[in-house]
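Me: I'm new to reading protein models and would like a close look at one part of this one. Could you start with a single salt bridge and then walk me outward from there?

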Amino acid sequence: MKHFLRVVTQFFVFLYCKCLWRGLKFVARKFTGRCELQRICYNKKPGARRTHKIESSLRYSKNELLQSALSVHPDKVEKTIDDIMALKKINLDTNPQLSISLQASLLQIVGYRSLVAEVEKLRREPYDCENPEHEDMLMKLWKELRPDSPLAGRISKQWCEIGFQGSDPKTDFRGMGLLGLHNLLYFAEHDKATALQMLHDSLQPKQNEINKPEWEQKNIDKAIGYSFAIVGINITDLAYSLLVSGALKTHLYNVAPEMPSLQHVQQTFCYLMQEFHRFWIEEDPSDIMEFNRVRSKFHRRILRQLKNPDMALCPHFSASNLHLVNL
C-alpha cells in the first residue's frame with residue numbers, strides 16, 4: 001500500500017512538473033507580462049530565497065541555453081546573462097536592474113559549484129611531510145596554539161597538547177587531507193582568542209567566573225574532555241558534508257554577494273567549532289565515547305537551521321572579516 005501511494009504521489013508530481021506547472025507559468029507570463037526569471041527577481045528578496053528559485057527555474061527549463069547556464073564558467077556569466085535577456089526579449093532600458101540581479105545569483109550558483117571542486121581538491125590532497133609548504137603550515141599551527149612552548153622536535157608527544165592523537169600529526173589528516181590543516185590554521189590565525197580558549201577549556205576548564213556567559217559556567221567542575229585538533233578535523237568533515245550535499249547553499253547564498261570562496265567555508269568552520277564547543281557543554285556527555293552521538297545531534301541541528309531560507313550561520317562571528325551583504 002505504501003509503495004502504491006508513493007507511486008501515485010510521484011506520478012502527480014511528474015504531472016505537475018510537466019504539465020500544470022508549465023501551464024501556470026504561461027498564464028502568469030500572459031497576466032503579468034513578465035517571464036519567470038523576472039517575477040523571481042522582483043518578488044523574492046536577495047540571497048538564498050532568490051537564488052534558489054532562479055537555480056530551480058534554470059534547471060527545469062526546457063531551453064538548453066537556460067539549462068546550460070548553471071554550468072558555465074564564471075568568466076562567461078556576463079555573456080550568458082546577455083544571451084538570456086535576448087532570449088526572453090527583455091528590454092534593458094526598462095529593466096536596468098534585472099541583469100545585475102540575475103548576474104549576482106548566477107555567480108553564486110556557478111561559484112558554489114567551483115567552490116565544491118576547490119574544497120574537494122584540498123580534501124583529496126594528503127599531508128606530505130616532504131612538502132615544505134605542508135610542514136610550514138603545521139609548524140605555524142603549533143606556534144599559534146602554543147606560542148610559549150617551543151616544539152622539541154617534528155616527531156614529539158607534544159602534539160597531543162593541542163589535540164592530536166600521537167607524536168606525528170600527519171596520520172590524523174588522512175580523512176580530510178590538507179583541508180583539515182587549512183581549517184585549523186585559519187581558526188588559530190583569524191580567531192586566535194577563541195581558538196586558544198577552546199584549547200584551554202578542552203584540557204582544563206576554567207573555574208566559574210561571574211562575568212562568564214551561562215553556557216561557559218555550566219559543568220565547570222568537570223573536564224570538557226575532547227581533543228581540540230581531532231574535533232577540528234571532525235568538524236571539517238561536517239562542514240564538508242554540508243557543502244557537498246548542497247545544504248550550505250542557504251548560508252553561502254545569504255552571505256556571499258556573488259561567488260562564494262574558500263574563505264567563506266573557513267569562516268563557517270570557525271563558527272561551527274564555536275557552536276560545537278557550546279553544544280558539547282550543553283549536552284553534558286559522560287565521556288568522549290559519546291562524541292559521535294553529540295556530533296550527529298549537532299549535525300541535525302545545523303541542518304534544521306539551514307532549512308530556513310533566511311539563515312546565515314555566522315552573522316555574529318566575532319573575529320572574522322565576513323561581511324553580510326544585502327544585495
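Reply: Start with R154 and E135, whose side chains form a salt bridge with the closest N and O atoms 2.8 Å apart. This pair ties together distant parts of the chain: R154 lies in the loop between α7 and α8 (177-190), E135 lies in helix α7, and 19 residues separate them. Keep in mind as you look that this is a predicted model.

Now check how covered each partner is. R154 has a relative accessible area of 21%, so it is partly exposed. E135 comes in at 15%, so it counts as buried. The cut-off explains the two labels, because buried means under 20%.

Stay around helix α7 for a moment. A negative surface patch is made up of E125, D128, E130, E133 and D136. Pick out E130 from that group: you'll find it in the loop between α6 (98-124) and α7 (132-145). With a relative accessible area of 67%, E130 is exposed.

Back to salt bridges. Searching the whole structure turns up 18 of them, and two others are worth a visit. One is between D310 and R49, where the closest N and O atoms are 2.9 Å apart. Here too, distant parts of the chain are linked: D310 sits in the segment after α14 (291-306), R49 sits in helix α3 (residues 48-59), and they are 261 residues apart. Both partners are partly exposed, D310 at 36% relative accessibility and R49 at 33%.

The other is between E282 and R278, at 3.9 Å from N to O. Why call these two neighbours along a helix? They are 4 residues apart in helix α13 (residues 262-283), which means about one helical turn lies between them. Salt bridges with shared partners also join E275, R278, E282 and R301 into one network. As for cover, E282 is partly exposed with a relative accessible area of 34%, and R278 is partly exposed too, at 32%.

Just along the chain, have a look at D284, in the loop between α13 and α14. D284 has a positive phi of about 55° even though it isn't a glycine. That's worth a pause, because most residues other than glycine have a negative phi. D284 is partly exposed, with 34% relative accessibility. K89 is another case: its phi is positive, near 55°, and K89 is not a glycine either. You'll find K89 in the loop between α5 (77-87) and α6. K89 has a relative accessible area of 77%, so it counts as exposed.

For a last stop, go inside to Y253, which belongs to helix α12 (residues 249-255). Its relative accessibility is 1%, so Y253 counts as buried. What does Y253 touch, leaving out residues up to four places away in sequence? The contacts are G47, A48, T51, H52, E55, Q108, I109 and Y112. Take A48 from that list: A48 and Y253 are 205 residues apart along the chain, yet their C-alpha atoms are separated by 4.8 Å.

So that's the walk: from R154 and E135 in their salt bridge to Y253, buried at 1% relative accessibility. If you want to retrace it, begin again at E135 in helix α7 and finish at helix α12, where Y253 has its place.

Methods:
Residues are numbered from 1 along each chain as its sequence is written. This is a predicted model: local features need pLDDT of at least 70, side-chain atom pairs count only at pLDDT 80 or more; totals for chains, interfaces and linings use all residues. Side-chain values use heavy atoms; hydrogens and water are left out. Patches are made of residues with over 30% relative accessible area and no salt bridge: like charges are joined within 9 Å, nonpolar side chains (Val, Leu, Ile, Met, Phe, Trp, Tyr) within 5 Å. Accessible areas come from the Shrake-Rupley method with a 1.4 Å probe; for residues, only the protein chains shown count as cover. A salt bridge is a side-chain nitrogen of Lys or Arg within 4 Å of a carboxyl oxygen of Asp or Glu. Lys and Arg count as positive and Asp and Glu as negative; His and the chain ends are not counted. The place of a charge is taken as NZ of Lys, CZ of Arg, CG of Asp or CD of Glu. Buried means under 20% relative accessible area, exposed over 50%, partly exposed in between (1.4 Å probe, protein chains only). Contact means heavy atoms within 4.5 Å.
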